[in-house]
Amino acid sequence: MIVLALAIAGALGAVSRFTLDSVVRTKLHGAFPWATVAINISGSLLLGFVAGLVLFDGASSDLQTVVGTGFCGGYTTFSTASVETVRLMQQGRRLSALANAVATLVLSVGACAVGVAIAA
């Protein structure tokens, strides 16, 4: 049963990522990957919150499996962030590439920490 819930959550995460990416791209034009940055930060916040619930509030580890591994795994995308950073470098936009890489890492880790703190 947990495998089915994991699969459904992963599918919902992927559809959510696609939808949010499409909406952000229609609003913000340009080469910088704002949509991917927003997706990875919001997914990290959610994952931190769920992890905090499991760590501090005794929530079931199944919640972390389904929401964390399933939904957040389908929703967030490190590989796309990496490809977008490389594309920016190939376009000669080295400062944008550096900003994307650093912002994605720092803000995603920070968002995760905030999520854990909210749950604590």
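In this predicted model, D21 pairs with R25 in a salt bridge whose closest N and O atoms are 2.7 Å apart. Both residues belong to helix α1, where four residues, about one turn of the helix, separate them. Their surroundings are worth a look side by side. D21 has a relative accessible area of 16%, and because the limit for a buried residue is under 20%, D21 is classed as buried. R25, with a relative accessibility of 42%, is partly exposed.

R25 also takes part in a salt bridge with E84, with an N to O distance of 3.2 Å. This pairing reaches beyond a single helix: R25 sits in α1 and E84 in helix α4 (residues 78-90), so the bridge ties together parts of the chain that lie 59 residues apart in sequence. E84 is buried, its relative accessibility being 9%. Through shared partners, the salt bridges connect D21, R25 and E84 into one network. The structure holds two salt bridges in total. As a general point, side chains of opposite charge can pair when their charged atoms come close.

Helix α1 leads on to the next feature, its packing against helix α3. Two packed helices are described by the angle between their axes and the distance between the axes. Helix α1 spans residues 2-27 and helix α3 spans residues 61-75; their axes come within 6 Å and cross at roughly 35 degrees. The crossing of α1 past α3 is right-handed. On the α1 side, the contact is made by I2, A5, L6, A9, G10, L12, G13, A14, S16, R17 and L20. Facing them from α3 are D62, T65, V66, T69, G70, F71, G74 and Y75. Readers following along in the structure will find glycines on both sides of this contact, among them G10 and G13 of α1 and G70 and G74 of α3.

A last feature concerns the surface. A nonpolar patch of about 700 Å² is made there by L95, L98, V102, L105, V106, L107 and V109. One of these residues, V102, is found in helix α5, which covers residues 94-119. V102 has a relative accessible area of 44% and is therefore partly exposed, a value that also fits the patch criterion, because patch residues need over 30% relative accessible area.

Conventions: Residues are numbered from 1 along each chain as its sequence is written. This is a predicted model: local features need pLDDT of at least 70, side-chain atom pairs count only at pLDDT 80 or more; totals for chains, interfaces and linings use all residues. Side-chain values use heavy atoms; hydrogens and water are left out. Patches are made of residues with over 30% relative accessible area and no salt bridge: like charges are joined within 9 Å, nonpolar side chains (Val, Leu, Ile, Met, Phe, Trp, Tyr) within 5 Å. Accessible areas come from the Shrake-Rupley method with a 1.4 Å probe; for residues, only the protein chains shown count as cover. A salt bridge is a side-chain nitrogen of Lys or Arg within 4 Å of a carboxyl oxygen of Asp or Glu. Helices (H or I, at least four residues) and strands (E, at least two) are DSSP runs, numbered from the N terminus. Buried means under 20% relative accessible area, exposed over 50%, partly exposed in between (1.4 Å probe, protein chains only). Axes are lines fitted to C-alpha atoms, for helices over the stretch in contact, and angles run from 0 to 180 degrees between N-to-C directions. A crossing is left-handed if the near helix is turned anticlockwise from the far one by less than a right angle, and right-handed if clockwise. Contact means heavy atoms within 4.5 Å.
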